[in-house]
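Biologist: Could you take me through one part of this protein close up, the strands and how they are covered? Start with the overall build so I know where I am, then zoom in.

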Amino acid sequence: MRLYRKEGNTVQILALPTENVEKGEYLLIEDPATRRSLITQVIDVQFANVPGILEELLRNSTTNDLVHEESFDPLGVISHVAYIQDSRLLVCKIRGTMEDGKLRVTASWLPSRSQSTIKKLPTTSLLTLAKISADLPIQLGETRELSQFNIDAQTLDGRLNIVTGKKETGKSHLSKLLVMGLIDHGAMVVVLDLNGEYTHLGFSSNGEKNEHFSKIQALTPGDNLKMTLPQMKLRVMLDILIHALHLPGTSAREFRRIWRFLQEQGTLTLHELGETIKNWKCNTHVRDALFSRYYSLLNSRFFTDNPADANGLEENFRKIRNGGALVINLHDISLVDRQVAVEYVLGKLVEMLTQWKIKAVFLFAEEAHLYLRETYWDDIVTRMRHFGVFTTFVTNQPNTIRENIYRQADNVFLFNFTNEHDLEVVSRAAKVDAETVKSVARDLPPRHCLVLGRAVKDFPVVVRVKALDVQAMGHTRLFFTEKN
Ligand SMILES: Nc1ncnc2c1ncn2[C@@H]1O[C@H](COP(=O)(O)OP(=O)(O)OP(=O)(O)O)[C@@H](O)[C@H]1O
Ligand SMILES: [Mg+2]
């Protein structure tokens, strides 16, 4: 391999057809005179456009068609010409400099074109060089050289993460690995599970309980996630009424009065709430508005007057004190009920965090645009993060996540995308240059992911995600089932 050109932070390297280099691999350009090396990552492999190659190719193809005898090559140059025709041009991004065994992210120098030697830098050596060690390891899979690849749970702590890629590439699978890894280290996790696919993380694929069984609490709103009204804070209730059930401001004020009135009387029950709204002295429009919301609350089966039936988030957090996940199963419930449940969960989380009942929580949200209200997006990256809610968004529609979230994301786990528009959106993530994202993500095989950001100290690494022995849920239901 020979160094050919440098432009900005891109270098081009010439490689012979026998030197097999793939996208995503790291190359070390060693300059013997200055005893420094440039660390670069291959982001594209092209044919080398040597002058005259087009003419040569054309001439070849015409003679191949016309002459059927043995080729006449007295000087034995054909194999050399073929070699040149097959030479590759590796487009690489500069990621850093190595000097005296130390790694620096700057690269304000140019290695010698005539003297430098270029060799592959295995991912394991890169991880050692960059001191990417894992004190609290979460094993994600294998690197290109089949060595184990771990990330440190601490690099997710206090961070905002995005898992994205097109359909069926293995995003939920990776999120499950992250969830299990976090709870192994004693973290508390809440999963907003849109497809009901995390509820069985406590079972192996053969249906037996696994070591995580006691740490996974699957909660279905309206079924085993229910509360009494006194367990609710008025503020959370108003959030539900205003944001999930779209109650206008004047009616919300009236509702607050009714709630306070019932609280003072000590009769805060669902039944009494209905009765009081019926007899409350107020404008009929307001009463109608309150009534319709009251029935929505009733129909969600989310609230109960029987304390024995109640099972709120707070009690469940106690069960996972030493690490575990609360999986909020949002599958099979209506859009409104889903929003009610999410308002409750997030409201309750903030309440418990502000009162220091819990230290911090990792929130996994699948396809969040389907249930998260507008104002929560900014809240999650700013206010809620300071309270200790560390979110991971999982989506196959990258344009549903706002641009500012990509900019602020600390880690991005990127799976394959082929659609230009999707690639364009993801490439706005500030963690790496747009060219790397577009070029590498386009050719990632399924179950391979490009890890960007803090977890890899900004050295993008391609990982083959490992398999997981848990009961698979969330399979797409099919009409034509496979015949064995
Ligand atoms: N690394 C892996 N090893 C083994 N099986 C995997 C791996 N990754 C994904 N799978 C399997 O591939 C299928 C699709 O994976 P998954 O559900 O995670 O994809 P997804 O990207 O979340 O899809 P969707 O966009 O539909 O949500 C699942 O059956 C999953 O078990
Ligand atoms: Mg999924």
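Modeller: Counting secondary structure first, the protein chain has 15 helices and 18 strands. Keep in mind that this is a predicted model. The C-alpha trace spans about 105 × 55 × 45 Å along its principal axes. The radius of gyration is 29 Å, whereas a compact globule of 484 residues would come in near 23 Å. Of those 484 residues, 38% are buried. As for contacts with a separation of 6 or more, 72% of them are between residues 24 or more positions apart.

The chain splits into domain 1 (2-129), domain 2 (137-225 + 311-465) and domain 3 (229-299). Between the C-alpha centres of domain 1 and domain 2 there are 38 Å. Where these two meet, 12 residues of domain 1 are in contact with 14 residues of domain 2. On the domain 1 side, strand S4 (36-47), S5 and helix H3 (123-129) each give two or more residues. That side of domain 1 divides into 3 nonpolar, 4 polar and 5 charged residues.

Now for the strands, and S13 is the one to zoom in on. Strand S13 covers residues 324-329, and 6 of its 6 residues are buried. In a regular strand the side chains alternate between the two faces of the sheet. In S13 both faces are covered: one has Gly 324, Leu 326 and Ile 328, the other has Ala 325, Val 327 and Asn 329, and all of these are buried. Look at what S13 pairs with, too. Strand S11 (residues 188-193) runs parallel to S13, joined to it by 6 bridges. One pair to pick out there is Asp 193, whose bridge partner in S13 is Asn 329. Strand S12 (residues 216-219) also pairs with S13 in the parallel sense, over 4 bridges. Here Leu 219 stands opposite Ile 328 of S13.

For contrast, go to S2 (residues 10-15), where the side chains alternate between a buried face and one that is not. Val 11, Ile 13 and Ala 15 point to the buried face, while Thr 10, Gln 12 and Leu 14 point to the other and are not buried. S2 pairs with strand S1 (residues 2-7) in the antiparallel sense, with 5 bridges. Across that pairing, Arg 5 stands opposite Gln 12. S1 and S2 make a hairpin with 2 residues between them, and Gly 8 in the turn has a positive phi of about 60°. S2 also pairs with strand S5 (residues 88-99), again in the antiparallel sense, over 6 bridges. In that pairing Ala 15 has Arg 88 of S5 as its bridge partner.

Strand S9 (residues 148-152) shows an alternating pattern as well. Phe 149 and Ile 151 point to one face and are buried; Gln 148, Asn 150 and Asp 152 point to the other and are not. S9 and strand S8 (residues 137-142) pair in the antiparallel sense over 5 bridges, and Pro 137 has Asp 152 as its bridge partner in S9. These two strands form a hairpin too, with 5 residues between them. In the turn, Leu 146 has a positive phi of about 65°.

Burial turns up in a loop as well. Pro 398 is found between strand S15 (389-395) and helix H13 (403-408). Pro 398 counts as buried because it has 24 C-beta neighbours inside 10 Å, and the cut-off is 20 or more. Leaving aside residues up to four places away in sequence, Pro 398 touches Thr 164, Asp 422, Val 425 and Val 426. Asn 311, by comparison, is 87 residues from Pro 398 in sequence and 35 Å from it in space, C-alpha to C-alpha.

Last stop is the ligand. Ligand 1 is surrounded by 14 residues, and the closest are Gly 170, Lys 171, Ser 172, His 173 and Val 465. Helix H4 (residues 171-184) gives the most to that shell, with 3 residues. By type, the shell around ligand 1 divides into 3 nonpolar, 6 polar and 5 charged residues.

How values were computed: Residues numbered from 1 in each chain as written. Chains lettered and ligands numbered in written order. Predicted model: local features only at pLDDT ≥ 70, side-chain atom pairs only at ≥ 80, totals over all residues. Buried ≥ 20, exposed ≤ 12 C-beta atoms within 10 Å, placed from the backbone. Pairing = 2+ DSSP bridges. Rg over C-alpha atoms; globule rule 2.2 N^0.38 Å. Contact = placed C-beta atoms within 7 Å. Near = placed C-beta within 6 Å. Nonpolar A, V, L, I, M, F, W, Y, C, P; charged D, E, K, R; others polar. Domains from an automatic or database assignment.
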